[in-house]
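Here is a brief report on one model. It covers a strand, a core and a chain contact.

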Amino acid sequence: MIAKDFADQLRMCASCPKMCRHVCPTYFAWRSDSPTPHGRALLIHYELVGTRCLDERGIEVLYQCLECSQCLTWCKPEVDIAEIVETRRREIVKQSMRPSALDDMAKVVETHHNPYGEPHDTRNNWLNPTRADGQRLFYFTGCTAAYREKDIALSALHTLENAGFSVVISSEEYCCGSPLIRTGDEEAGLRLAQHNADMINSMDCDEVVVTCPGCLRVLSTDYPKYGIELNKPVRHISEILAENLHNLGTTDFDGGITYHDPCHLGRHSGIYDQPRSVIEHVSRGKLVEMERSRENAMCCGNGAGLRTLFPEHARKIGSERVEQAKRTGAKYLVTACPFCKNMLASQSDDEMEVMDLTEFIEKSRDVKSD
Amino acid sequence: MLDARTKKKAFSHLVEIVGEEHVQEQETDLILNAHDAWPLSAAKIRAGELLPRADLLVFPKTTEEVSKILVVANDLAIPIVPVGGGAGSCGGTVPIYGGIQLDLKRMTRIYPIDHESMTVRVQAGVVGIDLEEYLNRQGYISGHTPTSLRASCVGGFLATRSGGSMSSLYGKIEDLTLGLQVVLPDGSIVDTKAVPRHSVGPDLKQLFIGSEGTLGVITEATLRVFPTPEERRFRSYTFPDVTSGLKAIRLVFRAGINPSIARLYDPEDAAMSFSMHFEFDEGHCILLLAFDGDHEKVSWEENRSHQICTECGGIDQGPGPSKRWWNHRYDMYYPTRLTTSGYAIGDTIDIVATYDRLEQVYRSMKEAMEQYASVVMSHFSHMYQNGGSVYMIFFMAESDAESSWATYKKIWDVAIEACLREGGTMSHQHGVGLSRSTFTESELGSAFRVLVDMKKALDPKGIMNPGKLGLGVRE
């Protein structure tokens, strides 16, 4: 049974007249009261007070959540539904009741050390650092940049080396565990965490840099929460680049640039300004904000297992986010997450080019370097 | 509840109409979609009670689909409960006799604004704030901003005859609607033409505005829009008592001024809502005013109102309290640990009366309610030339569910009885739903039979939202 600590939060959320529902991406995708913060709270509340157990459909509803926490932005009593959902998901996994597609994903990660089922030995052996001088950064590639968005990994490597860093890669890197931890598989996630921590702690480098905010959150927040400490700081590449603007060129882009805040980077890690300062610097002030940005940014639809379980609804959310970006009149949509980039690019068309922050910097060099 | 054979038949028809994805029969979905924002429902949920639920849940996308669904329901004599945002505060969408819950949330189309006529046509499932933001992007406002704006839909605005916080200037939803599309219980689609005024018999759209799904399903509406005002200026005053504050409001309207906001808080509500943030004399009331328009207009209105308020004994408090209320106007809608503890219930009874009776209605209701409620506090808002509304707010709690629900009902009973006795009308904007249903006949008096006859004529099988608005109550 979910911790009683959540009882009064659930009671408040279950009796709220739905003050956050209008920004919930899954409400947008389904247009039903079931996959909403209120629906999730009501299910768990009824379970907690002994009215009704979760049935199979109830479990499915709890997996129709992106854990994006946009609801929290709008919640005056500060009920953290994402945390409550994730806590309940952990119990569901222990009870062997999670949706079967996630069982399959867990097996794939166990076998291949990535959720895409790709061979581990081709993870990042194609990334070839060339610079030996400068501060040593270990680039934790992350599965999506390693297998699905290779240009992000390549751009990250070039950008960091051009900025004066020496980049280290490891073939021993496994999935960070985010897809498992966010969907409740704590045990499998911790096995990955321990492996990665042992690997990182034995490395000769000053800092760990990531391009994936999902990796950032897991490495810097979840690992320590489970008592797995890293002996060096973990930072998102935008944080490092924002401190090294003088090493980045500037370019006249032929249109405005809007920025999509990844949930794991923004709401979950509090990093809003650094990517923006990089974009502003590189583009010479051509950043235009979407109506929903920063704490109120809409999720891309790709989080917490939603794309695995409900791909059509996930794409619908991604498509809406692209529409919001187009409304700014910008020509470029930049984000700072391989997962977000992958989703948004898949829902975009010729009207708007979608890039990760690293690709954006790479492109700025192609357009015109100063 | 439906028998298994009828349910199976209805389910199969509904799937044919909207597709399998948009029909739900699973208990979990029926429970999660069963409630609105009625405080009694919320209290029962907190206490672990399951609310009455429908047998089937259907999500149409078009008016034609709504029409086909009603044909099925009419043929099979199945109750139909239309629901939009589920933000009503009176239990109006609780499916007390089961049947089909017809959920309009997928009907989200907003047609292009007619800039020349300053109108916009929208489907019933558009959420209020989505419409407002759409209009704001193009330089307009809807003029309709109820506290439930983030949760309620256009269809719900119309079905409950709702009012926004600026109704004094822009009007209630019945004033803001030019045309309406309604599906009747037999599936006929009825359109009333969108015109500013007419003299072709009674205004038929008004028959459905406020009908709470008992006569048909509202699917689309043509609404007025307003250019975003150049300026919204705030001003606040304290008054030694309700009488002088009400007099000031009455004289402001008499002077030809329509403030966008005019709210008078009685001493209890003023203490609760403002004493933490502003210094003012204990036992005093607070009047909040706002004026919308261009600089010249708002300056004149503000100056003239200031003169009237000070002549009536008001003490100028500047823009602070009024502006603060505006910036935090949705906050009171959130639950807190206090209001959700134990078997506590807080609710609001929004009554309306002309100025000659308004204060007496307020005093009588307050006296009656205070016999049973822990706290009663009130504000006069939605004020007009001829009178206005009072929000009679109460909080109560008992040590067990049964006693709490009984006390809650008692407060409602004595409050509405006092309201009707003193010549008030029992709702200004929240509607009737379940909380006031049994009082409908007393409220409407000799006119109630007109409502009953219309119901019989349009819905002879009584399928539309039975048990609401004093209509179709079953054993």
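This is a predicted model. Strand β9 of chain B, residues 217-224, has 8 of its 8 residues buried, so the rest of the structure largely encloses it. Two strands of chain B pair with β9(B), as tabulated here.

| Strand of chain B | Residues | Sense of pairing with β9(B) | Bridges | Citation |
|---|---|---|---|---|
| β5 | 119-123 | antiparallel | 5 bridges | |
| β7 | 177-183 | antiparallel | 6 bridges | |

Individual bridges can be placed on β9(B). B:Thr222 in β9(B) is the bridge partner of B:Arg121. B:Val217 in β9(B) is the bridge partner of B:Val183.

Next, the nonpolar core. The largest one holds 248 residues. Within this core, B:Met392 and B:Ala415 touch the most other members. Which residues does B:Met392 contact, leaving aside its neighbours within four places in sequence? They are B:Thr348, B:Ile349, B:Ile351, B:Met365, B:Lys366, B:Met369, B:Val376, B:Ser378 and B:Ala415. B:Ala415 is thus named twice: as a contact of B:Met392, and beside B:Met392 as a residue touching the most other core members.

Last, the contact between the chains. Chain A gives 27 residues and chain B gives 30 residues. On the side of chain A that touches chain B, α1 (7-14), α3 (37-48) and α4 (56-62) of chain A each supply at least two residues. The largest share of that side, 4 residues, comes from α1(A). By class, the side of chain A that touches chain B comprises 10 nonpolar, 8 polar and 9 charged residues.

Conventions:
Residues are numbered from 1 along each chain as its sequence is written. Chains are lettered from A and ligands numbered from 1 in the order in which they are written. This is a predicted model: local features need pLDDT of at least 70, side-chain atom pairs count only at pLDDT 80 or more; totals for chains, interfaces and linings use all residues. A nonpolar core is a set of buried Ala, Val, Leu, Ile, Met, Phe, Trp, Tyr and Cys residues joined through C-beta atoms within 7 Å. A residue is buried if 20 or more other C-beta atoms lie within 10 Å of its own, exposed if 12 or fewer, and partly exposed in between; C-beta atoms are placed from the backbone. Two residues are in contact if their C-beta atoms, placed from the backbone, lie within 7 Å. Ala, Val, Leu, Ile, Met, Phe, Trp, Tyr, Cys and Pro count as nonpolar, Asp, Glu, Lys and Arg as charged, and the others, Gly among them, as polar. Two strands pair if DSSP finds at least two bridges between them.
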